[in-house]
Amino acid sequence: MLRTSFYQFHVDHGAKFVDFNGWEMPILYRSIHEEHHQVRNVGGLFDVSHMGRFKITGRHARRFIERVVTRRISDMKELSCRYALVCNEQGGTLDDIIVYRFADHWLLVVNAGNRLKLLEHFQKAKGDLVVTIDDQTTSTAMVALQGPKVMEHIGRFSKEVPTLKRYTFCIKNVLILKMVISRTGYTGEDGVEVILPAAMASMAIKLLIKEKSDDPAGAVLRPAGLGARDTLRTEAGMPLYGHELDETIDPISAGLSWAVSLDKDQDENGEKFIGQEALKKIAAEGPKVKLIGLKLDGKRTARPGMPVLIGDRTVGKVTSGCLSPTLGYPIAMAYVEASAAGDTTIDLGGQRAAAQVVPLPFYKRAK
Amino acid sequence: MPASPADRRYLETHEWHKPEAGLVAIGISRFAVDELTDITFLDVKKKSGAIKAGESFGEIESVKATSELYCGIDGTIEAVNQAALDNPAIINEDPYEKGWLIKIKPTNPAQVEKLLTADAYGK
């Protein structure tokens, strides 16, 4: 199994490990709920080094990325990031990614489980374009610092970082350590994600986690695992590949039309993207399913695959669910027929729970 | 696997059985609790009456999974831990004492001795 540069850090902090797409990653250190509340109320540090990082260079780098992602990227400013999807010709989702635009190159951050599949897809897709795809996943590391106190904490060693707007980044040099710091995240909280050289990881984490006081319980940044990351992103209504997104689901049905630029081939120097024709058709005809948020009665957790019913008729199935640590009641996301209207029940395997349709996200941080 | 207390017996499905004052308390082991992660819901379907060895008396849910709970002996259910039903997190905090689930009056008190010892369970 692959290990990130922070493996020893996880061991030292009492991590319980899990195999996540071939990576030995911490699922929790103390308790999933405690780590969840730490992120919502103060701050947490997640190792996200397992996510794939591809540096894209070459004369046709911009055209290549326009070709493989659904969203227009040519108008991105330097030092900004953008969420986008990678689709196949049928419009099915191969991955959801973040595109970073640097002065002289691009960086794509992709899901760990899709890294090798995307590399293959990209090699095929580049055709005769002059592009180099450099997989930097193991030569770099990545951490997410998330929570309401994170920006203040970071302000102590960088004045610039707290001034970053959402979805922009800066390149920060601390002595010989070069970090890419973006105001992005996957928890619904404010915070940053930091990309750095793998060889510098253990030095950098000491710098990032350094506290005024020595009491670990009062720390601004405590390590948080994949368990909390999943309950946090579920509350924030964010899709997880393999749950809300996969090759059978197109971004329009997933409610991600805002990340699909169906007209980008019309631009000057525009490029048609893979899946564009299929997505145009789906957008014109209307998607057959929709992603909804559900609030369940009782305390039981709806698991992926559980049937969603209106009356006695199955209209869809659950993709993600948890007992929301912040809200105190069970929440779930589900795909249902596009025409489905009204409240539902979820078949929990023998028992049923009434589930009210609620807007996504379930949780929004106070501005 | 973390060491399991030797003052009780176990099932391969991770339920401990501890004789105390004529009754047998049943709960789940620290190993099971750690595997489940944060427990979010406890459902004891059978709150009273006769129960047989091998019978399920409820379900436990965590952030990660839902599992059945099994009884290892024949007897009558005498008590259910209301505190654990109200706040299942106490099972995470203290699975061997405060986090007990049900208490049974055994039909045959010697039946507990047939279950796994802490050593055998730990292997």
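User: Which domains of chain A does the lining of the second largest pocket draw at least three residues from?

Analyst: Good place to start. This is a predicted model. In it, domain 1 (7-49 + 138-235) and domain 3 (288-358) of chain A each give at least three residues to the lining of the second largest pocket.

User: How does the domain assignment divide chain A?

Analyst: The assignment gives domain 1 (7-49 + 138-235), domain 2 (52-123 + 250-283) and domain 3 (288-358). As for spacing, the C-alpha centres of domain 2 of chain A and domain 3 of chain A lie 31 Å apart.

User: Back to the second largest pocket: what space lies in it, and which residues are the closest to its centre?

Analyst: The second largest pocket holds about 500 Å³ of space. Its lining has 26 residues, and the closest to the centre are His33(A), Asp38(B), Ile39(B), Ala89(B) and Asn92(B).

User: Which helices and strands supply at least two residues of that lining?

Analyst: From chain A there is helix H2 (32-41). From chain B there are helix H1 (30-36), strand E4 (39-44), helix H2 (82-86) and helix H3 (89-93). The largest share comes from E4(B), which provides four residues. By residue type, the lining of the second largest pocket divides into ten nonpolar, nine polar and seven charged.

User: How many cavities of 30 Å³ or more are there?

Analyst: The count comes to one cavity of 30 Å³ or more. The largest cavity has a volume of about 30 Å³. To find it in the viewer, look for its lining residues: Met25(A), Pro26(A), Tyr29(A), Phe46(A), Asp47(A), Ala224(A), Gly225(A) and Leu226(A). Strand E2 (23-28) and strand E3 (44-47) of chain A are the elements that give two or more residues to this lining. The lining of the largest cavity divides into six nonpolar residues, one polar and one charged.

User: Now the protein interior. Which residues have the most contacts inside the largest nonpolar core?

Analyst: The general idea is that nonpolar side chains tend to be buried together in soluble globular proteins. Here the largest nonpolar core has 39 residues, and those with the most contacts inside it are Tyr100(A), Val109(A) and Leu245(A). Elements of chain A that give two or more residues to this core include strand E5 (80-87), strand E6 (93-101), strand E7 (106-110) and helix H8 (276-285). E5(A) gives the most, with four residues.

User: Is Val143(A) buried or exposed?

Analyst: Val143(A) counts as buried because its relative accessibility is 0%, and buried means under 20%. Val143(A) sits in strand E9 of chain A. Val143(A) and Arg40(A) are 103 residues apart in sequence and 17 Å apart in space, C-alpha to C-alpha.

User: Which residue is 30 residues apart in sequence from Thr76(B) and 6.6 Å apart in space?

Analyst: That is Pro106(B), with the distance taken C-alpha to C-alpha. Thr76(B) is part of strand E8 (residues 75-80) of chain B. At 33% relative accessibility, Thr76(B) counts as partly exposed.

User: How many disulfides does a search of the whole structure find?

Analyst: A disulfide is a covalent bond between the sulfur atoms of two cysteines. The search finds zero disulfides over all chains. Two cysteines to look at are Cys322(A), buried with a relative accessible area of 6%, and Cys71(B), buried with a relative accessible area of 0%.

User: And the backbone: what are the phi values of Asn269(A) and Thr37(B)?

Analyst: In general, most residues other than glycine have a negative phi, and most peptide bonds are trans. Asn269(A) has a positive phi, near 60°, and lies in the loop between H7 and H8 of chain A. Thr37(B) also has a positive phi, near 70°, and is found in the loop between H1 and E4 of chain B. Their surroundings can be compared too: Asn269(A) is exposed at 57% relative accessibility, whereas Thr37(B) is buried with a relative accessible area of 3%.

User: Which residues does a cis peptide bond join?

Analyst: The cis peptide bond joins Leu360(A) and Pro361(A), with omega about -5°. You will find Pro361(A) in the segment after strand E19 (352-358) of chain A.

Note on methods. Residues are numbered from 1 along each chain as its sequence is written. Chains are lettered from A and ligands numbered from 1 in the order in which they are written. This is a predicted model: local features need pLDDT of at least 70, side-chain atom pairs count only at pLDDT 80 or more; totals for chains, interfaces and linings use all residues. Side-chain values use heavy atoms; hydrogens and water are left out. On a 1 Å grid over the protein atoms alone, a cavity is a set of points where a 1.4 Å probe fits but cannot get out, and a pocket is an open set with protein on both sides within 12 Å along at least five of seven lines; lining residues have an atom within 4 Å of a point. Grid points are joined across faces, edges and corners, and a volume is the space filled by probe spheres set on the points. Ala, Val, Leu, Ile, Met, Phe, Trp, Tyr, Cys and Pro count as nonpolar, Asp, Glu, Lys and Arg as charged, and the others, Gly among them, as polar. Domain bounds come from an automatic or database domain assignment. A disulfide is a pair of cysteine sulfur atoms within 2.5 Å. Buried means under 20% relative accessible area, exposed over 50%, partly exposed in between (1.4 Å probe, protein chains only). A nonpolar core is a set of buried Ala, Val, Leu, Ile, Met, Phe, Trp, Tyr and Cys residues joined through side-chain atoms within 4.5 Å.
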